[in-house]
Amino acid sequence: MSISIGNICIDTNDLAGSTAFWQAVTGWYQVASSDEGTTYLEDANKSGVGLSLQAVPEGREGKNRLHLDLSTDDLAGEVGRIRALGASEVRRFDGWVVLADPEGNQFCVVAA
C-alpha cells in the first residue's frame, strides 16, 4: 500500500497557547504554516508523523474519539513535567496515565 499517516491535527481555541504547550511537551519545533489558523510541529529528524494545531471557533465537547499515546522511559518524571506545563491528570492506570492538555484534549503518557 502506498499511504501513510503524515500528520495528526489537534483542534484548539487558543492557537498560540496550544502551540506553546505542545512544543514544550514534545520538544518539536514550529515549521511554516499554510495559513494563519494552523501551526505545524515536527521533530528535528523529521521522523514519524507531524503534529499540527488548528484554530477552530467551537469548543471541545465530549470524549476524544482519537488520542495520542506518548511513550517514555520515565513515566513519573514525564507526567510531572507535563503537568507542570499545564496538563491535568484525568486517570491513572498500571503503566500509563491519562492527561488532558489545557483545552481538555486527552492523551496518554505510557511507560516504554
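Student: Why is K46 called exposed in this predicted model?

Tutor: Set the value against the cut-off: K46 has a relative accessible area of 58%, and exposed means over 50%. So K46 counts as exposed.

Student: Where does K46 lie, and what is its phi?

Tutor: K46 is in the loop between β3 (38–42) and β4 (50–55). Its phi is near 55°, a positive value in a residue other than glycine. Most residues other than glycine have a negative phi.

Student: Which residue just after α2 takes a positive phi?

Tutor: That's G86, with a phi of about 125°.

Student: On to the helix, then. Which residues of α2 are buried, and how do you know that they share a side?

Tutor: L75, V79 and I82 are buried in α2 (residues 75–84), and buried means under 20% relative accessible area. They cover an arc of only 70° around the axis, which puts them on the same side of α2. An α-helix has 3.6 residues a turn, so residues three or four places apart point the same way.

Student: What is on the other side of α2, and what covers the buried residues?

Tutor: On the other side, A76 and A84 are exposed. The cover over the buried residues of α2 includes α1 (15–26), β5 (69–72), β6 (88–93), β7 (96–100) and β8 (106–111). As for its placement, α2 lies across β5, β6, β7 and β8 and runs at about 155° to β8.

Student: What makes β5 and β6 the edges of the open sheet?

Tutor: The sheet has 4 strands in the order β5-β8-β7-β6, with mixed pairing. β5 and β6 each have a single partner strand, so one side of each is left without a neighbour in the sheet. Neighbouring strands here are turned by 25° against each other on average, direction ignored.

Student: How do you know that β5 and β8 count as a pair?

Tutor: The criterion is at least two bridges, and β5 and β8 have 4 bridges, in the parallel sense. So they meet the criterion and count as a pair. Within this part of the sheet, D69 stands opposite C108 in β8.

Student: Last topic, the largest pocket. How much space lies in it, and which strand gives the largest share of the lining?

Tutor: About 350 Å³ of space lies in the largest pocket. β1 gives the largest share of the lining, with 5 residues. Both β1 (7–12) and β8 supply at least two residues each. The lining has 22 residues, of which I10, D11, R60, N64 and N105 lie nearest the centre of the pocket.

Conventions: Residues are numbered from 1 along each chain as its sequence is written. This is a predicted model: local features need pLDDT of at least 70, side-chain atom pairs count only at pLDDT 80 or more; totals for chains, interfaces and linings use all residues. Side-chain values use heavy atoms; hydrogens and water are left out. Buried means under 20% relative accessible area, exposed over 50%, partly exposed in between (1.4 Å probe, protein chains only). The arc is that of the directions from the helix axis to the C-beta atoms. Contact means heavy atoms within 4.5 Å. Axes are lines fitted to C-alpha atoms, for helices over the stretch in contact, and angles run from 0 to 180 degrees between N-to-C directions. On a 1 Å grid over the protein atoms alone, a cavity is a set of points where a 1.4 Å probe fits but cannot get out, and a pocket is an open set with protein on both sides within 12 Å along at least five of seven lines; lining residues have an atom within 4 Å of a point. Grid points are joined across faces, edges and corners, and a volume is the space filled by probe spheres set on the points.
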